[in-house]
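Visitor: Please take me closely through one part of this model, and keep to what can be read from its geometry. I would like to know how its helices and rings are arranged, and what surrounds them.

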Amino acid sequence: MNGSIIEELRWRGLVTDCTDPTELEKRLSTPPVTLYAGFDPTADSLHVGSLVPLIALRRFQIAGHKPIALAGGATGSIGDPSGKTQERQLLSREILDHNIRKMKEQLARLLDFTPGPGAALVLDNADWTANVTLLDFLRDIGKHFSVNMMTAKESVRARMEDRETGISFTEFSYMLLQAFDFYHLRKEFSCELQIGGSDQWGNITAGTDLCRKKLSAQCFGLTLPLITNSDGTKFGKTVAGAIWLDSAKTSVYRFYQFWMRTDDRDVIRYLKFFTFLSREEVESLEKSHLEKPEGRVAHKALADAVTKLVHGSDALAEAIRASEILFGGGLEGISEQTFADIAGEIPSCEIPKSSFGGEGMALLDLLVTSGLSASKGQARKDVEGGGIYINNQRVSGIQQKITTQELLFGNRILLRKGKRNYACVTAKD
């Protein structure tokens, strides 16, 4: 996209608040500018909500700037009260270290760490807070903050007004620690800009104020919108829980399907937020979406782009393959892992492997046991009607027996009734 990085972010709807926007835009016109975003390691994986600031860092990097992804090894041990109604559970140093290691692996797939002036950095704020004594921190940092100013911040005030939970001194101090991060990064890495979610505005401006007071340096803050779905539900949450970037926690197939199932009202907005597609490409997809929403062209472009970005081309191909299978595609060449991902998304049952030995298990019995047919009589009608498939191959004989020859990977069978009713049978030794 032509124009400044700020212009692009505005077009994408990614600017909520900005300190001194005219000066910031002027400064960004002569790269590089070092900027950072913080990620608290409260879990051993980032989730899709983390993609907004993370992809924003990448956008700045593409524009010639230098991004820092800051893992909150120190701040994460306390927890940010912003947007929370109760205090977070405190994590041990061992858990935080493990979470940060996993986080770094994911960051490496989304930012460019190739040596050079614009190479991304991953830092841990525990590295510069661990040896700071309480007295030194109060004297050097705390004296620059008034309690009046701190209690005026929305994230703090909301918690103070809650008579049941209130806010602990531990969480109250979080703002100072985040401001200390900005001060340290400005002093040691010439970092001039912090970005974060809109709920971080108070913490970010506290940091810009501290840099001005202690270093006489101008710094900037820019906040991004907190994403919610058009139906009012929290973005990145499903009935099964959060959508994680780690494929061990959220399979690539389920990750892909999460984006495919985006509400029609959100899909164009999410194309702007989560992909690097150009304005022309997004506008073309929007036109197609408005003319023929049932074609789901925009949804597929979104799912393809984000899955490739997070998991790579090979994983994307497997996710598309798995999706095709659940629309009746053949199983030739499918990997065991991809089949396992599919099995995790449909009704499943286990049957002793011995049931498939010898002459095998009667098809009608298998349909009833798997739950696809309510009775043998119904199973017979389903088969005779041509609506039953084994491993996506139609069957027609009601007397058919299922033997070990039909087992995929030696222990699986995919059953289908009609176009969309699936069941997976696992043969257990």
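Guide: Two residues count as being in contact when heavy atoms of theirs lie within 4.5 Å of each other. By that criterion, and in what is a predicted model, Asp 181 touches Tyr 36, Leu 70, Thr 75, Asn 125 and Trp 128, once residues up to four places away in sequence are set aside. Asp 181 belongs to helix α10, which covers residues 174-189, and with a relative accessibility of 3% this residue counts as buried.

Before turning to the part I have chosen, some overall figures may help. The protein holds 19 helices and 15 strands, and its C-alpha trace spans about 85 × 45 × 45 Å along the principal axes. Of its 429 residues, 50% are buried. Among contacts with a separation of 6 or more, 72% join residues that are 24 or more positions apart.

The part I propose for a close look is helix α13, together with what lies on either side of it in sequence. Helix α13 takes in residues 267-274 and packs against helix α14, residues 279-291, at an angle of about 165°, with the two axes 10 Å apart. Because angles over 145 degrees count as roughly antiparallel, that is the description given to α13 relative to α14. The crossing of these two helices is right-handed. On the α13 side the contact is made by Val 267, Ile 268, Leu 271 and Lys 272, and on the α14 side by Val 282, Leu 285, Glu 286 and His 289. Sorted by class, this contact between α13 and α14 comprises five nonpolar residues, one polar residue and two charged ones.

Helix α13 also takes part in the aromatic arrangement. A search of the whole structure returns 14 aromatic pairs, and one of them joins Phe 235 to Tyr 270 edge-to-face, with 5.2 Å from centre to centre and 75° between the planes. This pair links distant parts of the chain, with Phe 235 in the loop between β6 (220-224) and β7 (237-238) and Tyr 270 in helix α13, 35 residues apart. Phe 235 has a relative accessibility of 7% and counts as buried, as does Tyr 270 with 2%. Tyr 270 has another ring partner in Phe 274: the centres are 5.6 Å apart and the planes stand at 85°, so this pair, too, is edge-to-face. Tyr 270 and Phe 274 are four residues apart in α13, which means that about one helical turn separates them, and both of them are buried. Taken together, Phe 235, Phe 255, Phe 258, Trp 259, Tyr 270, Phe 273 and Phe 274 form one aromatic cluster.

Several members of that cluster, including Phe 255, Phe 258 and Trp 259, have numbers that fall within helix α12, residues 252-260. The axes of α12 and of helix α16, residues 313-325, come within 9 Å and cross at roughly 75°, and the two helices are therefore roughly perpendicular to each other. Helix α12 makes this contact through Val 252, Tyr 253, Tyr 256 and Gln 257, while α16 contributes Ala 315, Leu 316, Ala 319, Ile 320, Ala 322 and Ser 323. By class there are eight nonpolar residues, two polar residues and no charged ones in the contact of α12 with α16.

Between α12 and α13 runs a loop in which Arg 265 lies. With a relative accessibility of 55%, Arg 265 counts as exposed. Apart from neighbours within four places in sequence, Arg 265 is in contact with Ser 230 and Asp 231; Ser 230 is 35 residues from Arg 265 in sequence, yet their C-alpha atoms are 6.5 Å apart in space.

On the far side of α14 in sequence, the loop between α14 and α15 (297-311) holds Arg 296. The phi of Arg 296 is near 55°, a positive value in a residue that is not glycine, and a relative accessible area of 30% makes Arg 296 partly exposed.

Terms used:
Residues numbered from 1 in each chain as written. Predicted model: local features only at pLDDT ≥ 70, side-chain atom pairs only at ≥ 80, totals over all residues. Heavy atoms only, no water. Axes fitted to C-alpha atoms, helices over the stretch in contact; angles between N-to-C directions. Parallel < 35°, antiparallel > 145°, perpendicular 65-115°, else oblique. Left-handed = near helix turned anticlockwise from the far one by under 90°. Nonpolar A, V, L, I, M, F, W, Y, C, P; charged D, E, K, R; others polar. Phe/Tyr/Trp six-rings, centres within 6.5 Å; stacked < 30°, edge-to-face > 60°. Buried < 20%, exposed > 50% of the residue type's maximum accessible area, 1.4 Å probe, protein only.
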